[in-house]
Amino acid sequence: MTRSNAREIVANLIYEMNFTRDSADSVVEQTMEPLYYDTLGGESEAYADKPGGQLPYIRDAVRGIREKQEELDGYLAKYAINWSVSRISKVARAILHVAMYEALYVDDVPVDAAISEAVELTRKYEDEDVVAFVNGILGSFARDLEKTNVSGD
């Protein structure tokens with residue numbers, strides 16, 4: 001499985017968690033249960049391959065995004081000018097959370113890669129207006145993150 005597929009699975013699980021009170025670990029375990037996981041392969045190409053070496057990334061990202069949700073929503077509120085976080089589609093919000101979490105907390109993912117992957121994933125699920133919205137938010141987020149990192153060194 002590629003990291004791109006793993007990102008999509010993480011976004012799907014974060015989206016799903018909007019509708020349940022299940023813990024991050026519970027959602028990952030249920031999804032990764034072999035019989036259930038195999039049925040998902042027929043629904044989405046992201047699930048066509050077994051997670052293999054990407055399983056730790058999936059687990060850590062789902063847990064981390066759930067734990068940092070308030071912080072990530074704070075960034076969304078800051079950069080989604082004239083939009084409340086609740087107005088952002090749950091799909092786009094899940095994708096934005098994945099990209100921001102990677103940029104902030106996943107050392108082996110360059111910020112540009114997290115943004116590029118998020119834009120492409122958004123394109124798969126949303127119309128071009130939402131794609132542009134996601135790209136704009138992540139662009140502003142990345143510029144500020146770069147300023148902080150440069151001045152913080």
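Which residues does I9 touch, not counting residues up to four places away in sequence?

**View 1. I9 and its contacts.** This is a predicted model, and here we zoom in on I9. Leaving out residues up to four places away in sequence, I9 touches M1, M32, Y37, A46, Y47 and I58. I9 also belongs to the largest nonpolar core, where I9, V10, I58, V62 and L138 touch the most other members. So I58 turns up twice in this view: as a contact of I9, and as one of those well-connected core residues.

**View 2. The largest nonpolar core.** Pulling back a little, you can look at the core as a whole, which has 51 residues. Eight helices give two or more residues to this core: helix 1 (3-17), helix 2 (24-32), helix 3 (34-40), helix 4 (55-67), helix 5 (69-79), helix 6 (90-105), helix 7 (111-125) and helix 8 (128-152). Which helix gives the most to this core? That would be helix 6, with nine residues. As a general point, nonpolar side chains in soluble globular proteins tend to be buried together.

**View 3. Helix 6, mostly covered.** Now for helix 6 itself. Its 16 residues reach 22 Å from the first C-alpha to the last, close to the 22 Å expected at 1.5 Å a residue. How many of those 16 residues are buried? The count is 12, so helix 6 is mostly covered. The buried ones are A92, R93, A94, I95, L96, H97, V98, A99, M100, Y101, E102 and A103.

**View 4. Aromatic pairs, starting with Y79 and F141.** A search of the whole structure turns up six aromatic pairs. Y79 and F141 make one that is edge-to-face, at 6.1 Å centre to centre with 80° between the planes. This pair links distant parts of the chain, since Y79 is in helix 5 and F141 is in helix 8, 62 residues apart. Both Y79 and F141 are buried. Bring Y75 into the frame as well, and ring pairs link Y75, Y79 and F141 into a cluster.

**View 5. Y101 and Y105, a tilted pair.** What kind of pair do the rings of Y101 and Y105 make? It is a tilted one, because the ring centres are 5.3 Å apart and the planes are at 35°. Y101 and Y105 are four residues apart in helix 6, so about one helical turn separates them. The two differ in cover: Y101 counts as buried because its relative accessibility is 11%, while Y105 is partly exposed, with a relative accessible area of 34%.

**View 6. Two arginines over rings.** Here are two spots where an arginine meets an aromatic ring. The charged end of R3 sits over the ring of Y57, 4.1 Å from its centre. In the other spot, R87 lies over the face of W83, at 4.0 Å from the ring centre.

**View 7. The loop between helix 5 and helix 6.** Two residues in this loop are worth finding: N82 and S89. N82 is not a glycine, yet its phi is near 65°, a positive value. Is N82 buried or exposed? It is exposed, with a relative accessible area of 73%. S89 counts as partly exposed because its relative accessibility is 28%. S89 and E126 are 37 residues apart in sequence, but in space they are 9.2 Å apart, C-alpha to C-alpha.

**View 8. N5 and E8 in helix 1.** N5 is in helix 1, and E8 lies there too. N5 is buried, at 18% relative accessible area, and E8 is buried as well, at 6%. Setting aside neighbours within four places in sequence, N5 is in contact with E45 and A46. On that kind of count, which leaves out residues up to four places away, E8 touches S44, A46, L121, K124 and Y125. From E8 to I95 the gap is 87 residues in sequence and 8.1 Å in space, C-alpha to C-alpha.

**View 9. The annotated domain.** The last view takes in residues 5-143, where an unreviewed UniProt entry places the feature "domain: NusB/RsmB/TIM44". Over residues 5-143 the chain is 72% helix and 0% strand. The end C-alpha atoms of this stretch are 26 Å apart.

Conventions:
Residues are numbered from 1 along each chain as its sequence is written. This is a predicted model: local features need pLDDT of at least 70, side-chain atom pairs count only at pLDDT 80 or more; totals for chains, interfaces and linings use all residues. Side-chain values use heavy atoms; hydrogens and water are left out. A nonpolar core is a set of buried Ala, Val, Leu, Ile, Met, Phe, Trp, Tyr and Cys residues joined through side-chain atoms within 4.5 Å. Buried means under 20% relative accessible area, exposed over 50%, partly exposed in between (1.4 Å probe, protein chains only). Contact means heavy atoms within 4.5 Å. Rings of Phe, Tyr and Trp (its six-membered ring) pair if their centres lie within 6.5 Å; planes under 30 degrees apart count as stacked, over 60 as edge-to-face and the rest as tilted. A charge sits over a ring if NZ of Lys or CZ of Arg is within 6 Å of the ring centre and within 35 degrees of the ring normal. The expected span of a helix is 1.5 Å times one less than its number of residues. UniProt positions are given in the numbering used here, feature names are shortened, and annotations may be inferred rather than shown by experiment.
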